[in-house]
Structure formats: C-alpha cells, structure tokens
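Dear colleague,

Here is the model that I promised to pass on to you. Please have the sequence and the coordinates open while you read the notes underneath.

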Amino acid sequence: MSYYKIEDLQHYFKMYNKSIKEPKKFWDRIADKNFTWYQKWDKVYEFDMQKAEFKWFLNAKVNITKNCIDRHLSKRGDKTAIIFEPNDPNEEAQHITYSDLYVRVSKMGNVLRDQGVKKGDRVCIYLPMIPELAVVVLACARIGAIHSVIFAGFSSKALQTRIIDCDSKMVITSDGGFRGNKTIDLKGIVDDAVEHCPCVEKVLVVKRINSEVNMKEGRDLWIEPLLEEASSSCLAEIMDAEDPLFILYTSGSTGKPKGMVHTTAGYMVYTAYTFKNVFKYEENDVYWCTADIGWITGHSYILYGPLLNGATTVIFEGVPSYPTFSRFWEVIDKHKVTQFYTAPTAIRALAKESLEFVDNQDLSSLKVIGSVGEPINEEAWHWYNDHVGKKKCPLVDTWWQTENGGIMISPIPFVTPTKPTYASLPLPGIQPVLMDELRNEIEENQVVGSLCIKFPWPSIARTIWRDHQRFIDTYFKAYPGKYFTGDGALRDEVGYYRITGRVDDVVIVSGHNLGTAPIEDAINEHPAVAESAIVGFPHKIKGNALYGFVILKEIGETRIQDNVRKEINQSISDMVGPIAKLDKIQFVSGLPKTRSGKIMRRILRKIAEGDLSNFGDTSTLLNPEVVEEIKNERL
Ligand code: WT7
C-alpha cells in the first residue's frame, strides 16, 4: 500500500541488525533514555539458557509506578490517564487524570500497607474491569507486593487453585460486576474459594453493583471507608530490577495452571518500548485495548505499556454485544480512539452481524488497528482491515505469549507492509528461529517448523512460581539453548513469519504434517460458515484422519447441509490440498472454549476419538453445555 516507503523498511532492518549484533548497547540506550531509576545497572544482562536463568539490568533499582505515574505529573498532571467506559452506555464515562491516579494509587497503597501487606507478599485480585482494578494493581507495585490478577470470569475452584498456588494473604474483589445485561456475584465466588484457602487473612471489597453480600467478621472489609482515611502520599518501595512484579497464571489447556513470574525492570523497559513502536503512539492519542486486565494483554497493553508512555488508555467494562453489536464502534467514536487493539474471536463474532453496525459509526479517528491472541484468518483480517481500518489504518497482527511479557513479532505501522495472516517481522532484539523434528534450524521458506527464540529479551518470564523445573521442562528442554514457544510457524521469502497455530495442533495425515489453522481458514471461507475447529482422530490407513466441528451461520435443512459438507471439502482441496479433506463434518451450535476464548481442542480430540469418559481438567471451560451437545451428536 502507498503509505509505505522502502527507506523506512530499510531503516527497520538496520535497527534490527544492530539490535542483534549489539544487544547490550541496544537495550542499554533504551533503558537509559526513557525511565527514572533510583540506581542504574552494572550490567545489561546475564543468562543461562540451559538452566533457564535470566537477569536484566542487574542491580538497578526502580519502582515501576514512579515511571507510570510520578514521572508524568509535572508535564501531564492534568492529562487523562484512564478513560473508564462503563458497561451501561448511559452511565457517565470517567476521565482519570495522572494527578488523580497518583492520589488514588497512593491511598490504595497505604490501605494495603495498613492491612499488613509487605514487599514480596502476594495479593490476588479478582475484580471486574473498573478503575479500581488498575488502581489496585498499581498500588501493589507501589509497595512491592506481587500482584496476581485472576480474570473475573474464572470459577471459584479455578480462583482457589491460584490463590493457594501463590500462597496469597489477601484477595481484593468487589460486591459484583456488570456484564451486558447480567450481574455477576463476584463476592460469592470469592467466599466459596477462600473458604478453602487458609493462607488468606483479609478480603477487601470494592462496591460496584450495590448488592447484598456477606461480610465475614475479622476477614472482610469494605475498601471505600479505608481509602477515605488513607493519606494521599505513599512512599514507593525501592525495588531491585529482578524483584518479581507479578504472577500471572496462563490459561494452559492441560494440567495445573502455570504461575508465570515477571520481574520489574526488564518488563518495564520492554512493554514501554513495544507499546510506543507497535502502536505508533503519539502524545495526544487515545488508545483502547479491549482485552481484560486479567490477561497478559491487559497487563502489558492496557496498564503498564500505555501508562509508562504517559498515554490515555481506555478501560471498558462491557462486552461487544451490549446493548448492540455496534458498541465497540460507538466507543471508538465517542472517545475518538486512535489505536484499537482486539482479538480475532471478537472480530469474527462482529463480522457475523449486519454491516450496518460498523458502517454507521464514525471511525475516522482511528490510525492503527491491532489483533492478538490467535491466528487471524484471512476472511477476518480483510473484514477488520476494510470495515474498521477502512484500508487506511495499518493492521498490526501481534504475536506473543504470556511468557513473553510483550509483543514479539508484529508489523510496525507505516513501516512494515502488512500481509494478511502474517504477523510479519520480529521486533528489534527478538531472534526467532524455526526448528525441524531433528532439531535443525529450518532455512527454507514456506516450511512449517517449531517456533523458538534463540536469544533472551528483557521481559521473558523468569520462572514458574515455585516450580523452576517445570519452567525448564516446558520451555527449554525440547530445543536445547532455545526458548520453545509451542507454536508452529513458517517464513516467506521476505522473512515474514506466519504463525500456523500450536504445534500440538498439528495432525499427521498419511505422513503429511497438517496445521489445523490453514484448514480452518479454508472452511471459514465458505459463506455459510461462522467458525470451525478440526482435530485428528485415529484412522486405519492414513494414521490420522480429520474431524471438523463447524458452526453454520444458519442451521438449514439436511439437504443443504450435505451440500455445504461437499463445498467445504472442495474449499479445503482448493486452498490446502485434497490430503486435508475432512472425513467427518459435524455441525454444532458452539465450540468448547476457555474463558480466554481459546478453543479447547483437547476435548474435541477426545470426542473425535470416541473417548467420552474423561475430559481431564475442565476448570477453564466456559461452556460445558456445548460439550454435551457435541458428544450426543457425534458422528
Ligand atoms: C498463544 C499465547 C499474549 C497474547 C494473548 C494470548 C497464540 C497469540 C497470536 C497471533 C497467531 C497468536 C499463540 C501463542 N497467539 N497471538 N498474533 N497470531 N497466534 O496469550 O494466552 O499466553 O497465548 O496465543 O498460539 O502461543 P496466551
């Protein structure tokens, strides 16, 4: 497209090469220029890939909230830090300035200290998307407590597992939360969870929905009266560069959740740097990421990245479908959002609805649009690019993981020409490699391999909370000397990466490695299809055959369904090859998903195999009713 200049891309390559040749110099300059430190580092990094030990900015002393808030007060005290857009569009939005945020975080920090929280203590946070969530997270960081935000859609059992795993002495929640036309009884869920958590001494409760809740004498306290009493200045704890900042549990579809530990300085430097560059952030922009703060995307790109840059960041309490499917687009217009960052699953859901919802809103404020969380299929990419970006906003398909702390592979707006379904080029400092089954580096183009990273970056997770061996085993064993992402990818002739999906989603059919994502793309191309998932199941001759679970936009009668089956296989033949044709196609009303929106293929695999007895840990499953339906109608 016309807004790209070859010199800009050349400049990127120059920067990139420098960052690889002289990583010390590269990160040293970035860390030196943009932050306030109590004390600078003696050494930029030190690491051992075998032992999975990483240290960045050794012996530096810093507090991340000094950089998120205090640093901006002189120049941007009256600038809006957070715009809060409530669930109900008739409730007034709030504009919280950097000065307001300073006072609110200080008061909250003092409340936490008064309640006995000390540096290094874990605090679990189970709150809806309201300003207090941001304030509490930052207050923890202010006083050196390790926050562990647990997405407020998790069940009490899932919450309990996490509270116990990190041995948290406090839980912060609210009476409840609004979500579309429903309210959620968060305090009740916390009560159930905490009953079996002897480590929890205090539960602090924010008022949001004014519901009747049980307050347990000696354990539970309303937060508002405490805040009123608290002083509005709060000495920031001096943190070592490698002191833990937070623990965040990954949604992991199998086994016990992994408490990924991120530390202070490296995380700060990397999220600030990537936010500025990937979203081409400029001083008066209004940036909106629709993720929940309960996920890493929310940590890095609703809170820390934007605030470190003194940006205005939107916190949205609601859902894309309430009151109507035009809510996202109305919010963009209302607050004149300049950067919009969301997930493919949201895009596909909205693309299914009438175009009027999006076309009738004024989206002209937008400059950059982003995608994250899973591969964005070609149809969704174009819909997003055409109807939201109006073909004038670069679409940044950002690839990264909870374990990475920040964006790893992504176009840079107006620099990297975008290419549908390609996350494109690594950011400076990031060294991806593709590995084959024999653990050799793949040099060829268009060959799928395991995506690994062969050199550390500042915000790589340091460990799994109290289970370093599992950290080593999961990420550093499969390809010695490298970090293994668990994703498959290929590279085109320019060096662009296309993430093909989790490597464990690869199905080998008649000796051919087939990634599920491109086949699903081919299915989703069919105009009658809303969404699909495929898995392998054992086959006498081919080794594995493919089973497709397909959601149709409209159910239709049997004869039409049979035609759609044929056409789906034709589309797969055309786009991937006849080898990838499906043996079975079951039409379903929904797919089993985790609370973070990922398809739980493990369950589909079991159903396809005919093993209906034990689905393992389903604590992260959002919609068990769908599993029942799929089981009963299995082909
Ligand atoms: C997995 C990480 C940190 C982002 C939120 C999810 C998949 C993420 C992309 C993308 C293709 C993507 C990968 C990755 N993923 N972004 N742009 N294209 N796949 O964080 O829950 O830790 O999941 O999400 O499979 O490994 P997460």
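The notes below cover the domains, one sheet, a pocket and a cavity.

This is a predicted model, in which local features need pLDDT of at least 70 and side-chain atom pairs count only at pLDDT 80 or more, while totals for chains, interfaces and linings use all residues. Residues are numbered from 1 along each chain as its sequence is written, and side-chain values use heavy atoms, with hydrogens and water left out.

The protein is divided into domain 1 (9-319 + 398-433) and domain 2 (510-632), with bounds that come from an automatic or database domain assignment. The centres of the two domains, taken over C-alpha atoms, are separated by 36 Å.

Strands 28, 29 and 30 form an open sheet in that order, with mixed pairing; strands (E, at least two residues) and helices (H or I, at least four residues) are DSSP runs numbered from the N terminus, and two strands pair if DSSP finds at least two bridges between them. The edge strands, each pairing on one side only, are strand 28 (529-539) and strand 30 (584-587). Strand 29 (residues 543-552) runs parallel to strand 30 and is joined to it by four bridges, and F549 stands opposite Q586 in strand 30. Helix 19 (residues 601-609) packs on the sheet, where it touches strand 28 and strand 29, and its direction makes about 55° with that of strand 28. Contact here means heavy atoms within 4.5 Å, and angles run from 0 to 180 degrees between N-to-C directions of lines fitted to C-alpha atoms, for helices over the stretch in contact.

For the open and enclosed spaces, a 1 Å grid over the protein atoms alone was used: a cavity is a set of points where a 1.4 Å probe fits but cannot get out, a pocket is an open set with protein on both sides within 12 Å along at least five of seven lines, and lining residues have an atom within 4 Å of a point. Grid points are joined across faces, edges and corners, and a volume is the space filled by probe spheres set on the points.

The second largest pocket has a volume of about 900 Å³; of its 29 lining residues, the closest to its centre are M15, I30, K33, Y273 and N277. Helix 2 provides the largest share of this lining, six residues.

The structure also holds three cavities of 30 Å³ or more, and the largest cavity has a volume of about 40 Å³. Among the residues that line the largest cavity are C140, M239 and T264.

Best regards
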